[in-house]
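Open the model in a viewer and keep the sequence panel beside it. The stops below give a selection and then what is found there.

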Amino acid sequence: MMKTIPCLVLALALCGAGLPGAPMPEPIAYTLRFPAPQTHYVEVEARVPTDGRPEIELMMAVWTPGSYLVREYARTVEAVAAATESGEPLPVEKTVKNRWRIGTRQAPRIVVKYRVYCREMSVRTNFVDSGFALINGAATFLTLADGPRRPHEVRLELPADWKVSASPLAPLPGGGEHAYGAEDFDTLVDSPVYAGNARTYPFEVAGKPHLLVNEGEDGVWDGPRSAADARKIVRTEVDFWGGPPYPRYVIFNLLTENGGGLEHKNACTLMSSHWRTRTREGYLEWLGLVGHEFFHAWNGKRLRPVELGPFDYEREVYTRGLWVVEGFTSYYGDLLVHRAGFSTVKEYLKGLSRSIDTLQTAPGRQIQPLDESSFDAWIKLYRRDENSNNSTISYYTKGEVVAFLLDARIRRATGGRRSLDDAMRLAFQRYSGERGFRPEELRKTLEEVAGTDLGDWLHRAVDTTEELDYAEALDWYGLRFTPDEEKTGKKDAEPQELPAGWLGMDVSSRDGRLTVTAVRRGTPGYEAGVNVGDEILAIDDLRVPPEGLEGRLKFYRPGEKATLLVARRDRLTRLPVTFGEKPKDRWKLEARPDATPGQKAHLAAWLEGKAGESRGEREEGSSGGCAALSPGSTFRSIRPIGRIRPIRRIKFPPLHLPGSPFDRDGADVALRRHEVVEEPAGGPFGVPFEGEHAGRILRGEGDVEGVERRREPLPHRLEVGLLPRPAVEEGLLLGPPGDPPQHLPLALREEALRDLLAVGHRLQVLDVHADLGAPHEAHQGHLVGVREVELQVAARFGERFQKRLSPGAVAEADRLRTGPQIGGEQGAQRSAPHHVLPPVLLEAEPVGALPFVRGERAPQPLGLGGGRIEPDRPDVDLAGPELQAGCGRAGREAGHQV
């Protein structure tokens, strides 16, 4: 629900926190005023303690953490004046570009006033106009250049028609509205302040308050949707790391038709277009920006290279680790947006392909190593020119690609049991304190997780300009770069025009002039000597219209020679040129059509954020994939896959219930029937489960090895279930055995499943239908000859969940309300509607459960793929509770991801 909140204190109820209780020096207290915001000025008044010194020196930062360029913020400061608290003027002398020396006349504190001009619309600078203000600490506050670490206070005096202020800073106790406190200057610099009339959306994740501040919705931007989806991304990333590291977090989303993002320790600032929610591509880009900047709350702000803190705000701070800070964050930003359920596999791979293409088509990759790109950020990344693409690479782009390859290498080295995810979490545990990590420490951690020496690989990828090798990653995931004939779709088409001539340069048309803006190294234009700034006039003395270069080049062929007529500094120059052929798009990732089951399993594990024993490796060589389904398992993601390869053997675990008929020392029980029922502690067998299963027990009957052994058919219907986990919000519930499935419309089913998965629910296996199409018997807990298995999932649509469905879907859900009985025949009816989704065949990843079996004849299995698949490999003896099923390749390819 959208709310307008007068002050962040009220908006978030931010823990009622003040500053730490330890004795601290007297704070510097700032008051910010906006008497005429349309003039783009903020007036600053600072009460500065002098500690009894005859003179003090104030300093202003010259750069902002996270943006590695000296910005010279002091250039926007005007009219610095000082006085005693009684109003007696004090002398002020500017000593260097960003410092002011003030005589104090032994006053215990002085008042310093100055103005800051604020009209640079970026995430790292200040902007003030009649609508709102964005205040960044480095660009605003003068502080004492020396002395002890001390608190800073900020109070805002807003124009009469501004009602909202927001900051990740803690509300200042007793300071009234729009007053905040920072424990030190570092915190002040790293905590933007917003003032205006933005729409604000508070939400909570993992017990911590969050706030989305949308400035400029203008009836175009979908605020509630963006808040709900930002919350899903926050939850996904908090789950990734294992918990939030901050007391509160603010997402400043300024819809100003600009771009960019900047991370802070407890906040991030984004700039975007208010039209982004109107297109899928634009909205995914915004979600990716949220994912990227929020990931920095861990990687970059807390897990950081040792050089990045404490900061020297007056000079450059060099580090070779930005490929981890920014590159790995670029990798995980989009990947975790995908894991949160927003992008399809094709959409995610398309984004990763763009990064690979950007890197592999940049001549600078052969000039500048990755760690040098980080070190030279201060003089190159933020000062790009027409030759930058020829001489540099971005640590964002190459760092992302290296992270992709490194993740695959770790997964392959560990058989899929570990990943870069594990390495990041381990590094965070070790190095997220005050000190940070050194390059050798991070590399050692990566090797520890991989269980192998990565030194040579990392050296080549990070410290040299050697070409990256994609073969290992593509082979592990079953990916490829799309072949040329499949990219064009013209393999069997009619004959096409011959390729056009190509010069390899960028041009722009302005004021009737066709001007060269960039020339890439190694292209025909570069070899011919074309310069940036040249005006293209003609080819072979035939005039080229300002908008007509691309059309003219269609009449020339690769290898053909011509003469360019250009105007260079108003002098006509003729340049002989030999046209080339435009390089084909070589870097578009796609799944291989002949990928093995193991490769498909690796791809799914990567995209779904899983690691563990590689079932794909275990099943390598079989024509079917595999899906491990513990009876009663739950899973985080599902994918209809059509047909399932025959299950050849099932073995239930040993079951020991003291005081029950099955109480046999060391005996294995072949259960004909057992079920989970809700009972109070000390149920019929007096054996309540502990932890998440407290108050619930197994009840059943069956055979005990060594006491009685029977050979008889097992029932045709196996039902499995899991008692709901307390942490699952809005309750996935155990459906009543034997209830007929409700056939919801396909659109409702997919919408419901997408939403449930996106917010992290674990869906529950309700039914397994086993068609015993071959000889079968029950013997020591084994089931032999099962041809096909069908699963059903159950979900409860609670009141809050229904609000996220379309009105038509809610009406249909209400019509299909069943109100099931839970906990046995006399169980209490749940108040929320419960629906059994239509039967589908699922690929599932178990998270652990307790099994139960009921003996009833099942209907003929349905399944999206239909038909049967005959046994294609010898029996597999599976110990323990797992029910191992292969997944037919044809069925998997025919299915679609929900």
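In which loop is P310 found? Select the stretch between α4 (280–295) and α5, since P310 sits in the loop that links these two helices. The model is predicted, so local features are taken up where pLDDT is at least 70. Show the backbone here: the peptide bond from G309 to P310 is cis, with omega near -10°. Most peptide bonds are trans.

**Two positive phi values**

Select E257 next. This residue is in the loop between β19 (249–255) and β20, and its phi is positive, about 65°, although E257 is not a glycine. With a relative accessible area of 45%, E257 is partly exposed.

Then go to D570, in the loop between β27 (561–568) and β28 (571–578). Phi of D570 is near 70°, again a positive value in a residue other than glycine. D570 is exposed, its relative accessible area being 75%. Most residues other than glycine have a negative phi.

**The hairpin after E257**

Return to β20 and select residues 260–263 together with β21, residues 267–272. The two strands run antiparallel and are joined by 4 bridges. The hairpin connection from β20 to β21 has 3 residues. To check the register, pick G261: its bridge partner in β21 is L270.

**A four-stranded sheet**

Select β6, β7, β3 and β11. These 4 strands form an open sheet in the order β6-β7-β3-β11, with antiparallel pairing. Its edges are β6 (92–96) and β11 (143–144), each of which pairs on one side only. Between β6 and β7 (residues 99–103) there are 4 bridges. E93 stands opposite R101 in β7. In a regular strand the side chains alternate between the two faces of the sheet.

**Salt bridges**

The structure holds 46 salt bridges; three of them are picked out here. Side chains of opposite charge can pair when their charged atoms come close.

Show R53 and D146, whose closest N and O atoms are 3.0 Å apart in a salt bridge. R53 lies in the loop between β2 (41–49) and β3 (55–59), and D146 in the loop between β11 and β12 (152–157), so the pair ties together parts that are 93 residues apart in sequence. R53 is partly exposed at 22% relative accessible area, and D146 is partly exposed at 45%.

Next show R75 and E120, a salt bridge with 3.1 Å between the closest N and O atoms. R75 belongs to the loop between β3 and β4 (77–84) and E120 to the loop between β8 (109–117) and β9 (127–128), so this pair connects parts 45 residues apart in sequence. R75 is exposed, with a relative accessible area of 55%, whereas E120 counts as partly exposed at 33%.

Now show R47 and E45, whose side chains meet in a salt bridge (3.8 Å, N to O). R47 is partly exposed at 35% relative accessibility, while E45 is buried at 11%. Extend the selection to E26, R33, E85, R109, K113 and E157: together with E45 and R47, these residues are linked in a network of salt bridges.

**Helix α11**

Select residues 420–431, which make up helix α11. What span should its 12 residues have at 1.5 Å a residue? The expected value is 16 Å, and the end C-alpha atoms are 16 Å apart, which agrees.

At the N-terminal end, S419 caps the helix, a side-chain oxygen lying 3.1 Å from the backbone nitrogen of D421. Of the 12 residues of α11, 9 are buried, so the helix is largely enclosed by the rest of the structure. Among the buried residues are L420, M424, F428 and Y431. Add the cover, which includes α3 (223–241), α5 (322–339), α10 (395–413) and α12 (439–450).

**The nonpolar cores**

Keep L420 selected and add Y470 and W606: these have the most contacts inside the largest nonpolar core, which has 95 residues. The largest share of this core, 10 residues, comes from α5. Centre on W606, whose contacts include Y331, L335, F404, R411 and Y477.

For the last stop, select M59, A61, A139 and W162. They are among the 47 residues of another core, which lies apart from the largest one.

Definitions and conventions. Residues are numbered from 1 along each chain as its sequence is written. This is a predicted model: local features need pLDDT of at least 70, side-chain atom pairs count only at pLDDT 80 or more; totals for chains, interfaces and linings use all residues. Side-chain values use heavy atoms; hydrogens and water are left out. The expected span of a helix is 1.5 Å times one less than its number of residues. Buried means under 20% relative accessible area, exposed over 50%, partly exposed in between (1.4 Å probe, protein chains only). Contact means heavy atoms within 4.5 Å. A polar contact is a pair of N or O atoms within 3.5 Å; within protein, one must be able to donate a hydrogen and the other to accept it, and residues adjacent in sequence count only if both atoms are side-chain atoms. Two strands pair if DSSP finds at least two bridges between them. A salt bridge is a side-chain nitrogen of Lys or Arg within 4 Å of a carboxyl oxygen of Asp or Glu. A nonpolar core is a set of buried Ala, Val, Leu, Ile, Met, Phe, Trp, Tyr and Cys residues joined through side-chain atoms within 4.5 Å. Lists of a residue's contacts leave out its neighbours within four places in sequence.
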